[in-house]
Amino acid sequence: MRQYLLSVVEPSEGEPPSPAEMAAIDADVTAFDREVREAGVWVFSGGLLPPSTATVLRPGFVSDGPFAEGKEHLGGFCVIAVEDRAAALAWADRLMRASRLPIEVRPFR
């Protein structure tokens, strides 16, 4: 089994989903979370607060806010353990459909 990081890529600009849209997204993401756990491939997952809550440490320097301003940011993630890239992509597709956001798939070393 290999571990993969499924990163949820959120837009940094634009209007957020309406309350009704968010309720549907939350329900679908909760269903995805249940499925990935029931399948026994879930390792760890979590949602992140906005980039404005970040603190960046660099050698000799600490700053508040995101590392870099951008059109997108990491909104959450899920670590899964699956047989191969094809299985990771299948789970990423499910998460993309649930979250309605792009998902980056990356294997761990």
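**Exercise 1.** What is the accessible surface of the protein, and what percentage belongs to carbon and sulfur atoms?

*Solution.* The structure is a predicted model. Step one is the total: the accessible surface amounts to about 7500 Å². Step two is the share: carbon and sulfur atoms contribute 57% of that surface.

**Exercise 2.** Describe the arrangement of helices and strands in the protein.

*Solution.* Begin with the inventory, which comprises six strands and two helices. Then follow the sequence, along which these elements occur in the pattern β-α-β-β-β-β-α-β. Finally, consider the extent: along the principal axes, the C-alpha atoms occupy a box of roughly 45 × 40 × 20 Å.

**Exercise 3.** Determine whether Ser7 is buried or exposed, and identify its surroundings.

*Solution.* First, locate the residue: Ser7 belongs to strand 1, which covers residues 2-11. Next, apply the cut-off: a residue is buried when its relative accessible area is under 20%. Ser7 has a relative accessible area of 7% and is therefore buried. Lastly, list the contacts: leaving aside residues up to four places away in sequence, Ser7 touches Leu74, Gly76, Phe77, Pro102, Ile103 and Glu104.

**Exercise 4.** State what percentage of the residues is buried and what percentage of the contacts joins residues 24 or more positions apart.

*Solution.* For burial, 27% of the 109 residues of the protein count as buried. For contacts, consider those with a separation of 6 or more; residues 24 or more positions apart account for 78% of them.

**Exercise 5.** How far apart are the mean positions of the positive and negative charges?

*Solution.* Count the charges: the protein has 11 positive and 16 negative ones. The mean positions of these two groups lie 7 Å apart.

Technical notes: Residues numbered from 1 in each chain as written. Predicted model: local features only at pLDDT ≥ 70, side-chain atom pairs only at ≥ 80, totals over all residues. Heavy atoms only, no water. Helix = DSSP H or I, 4+ residues; strand = E, 2+ residues; numbered from the N terminus. Buried < 20%, exposed > 50% of the residue type's maximum accessible area, 1.4 Å probe, protein only. Contact = heavy atoms within 4.5 Å. Areas by Shrake-Rupley, 256 points an atom, 1.4 Å probe, with all protein chains shown as cover. Lys, Arg positive; Asp, Glu negative; His and termini not counted. Charge placed at Lys NZ, Arg CZ, Asp CG, Glu CD.
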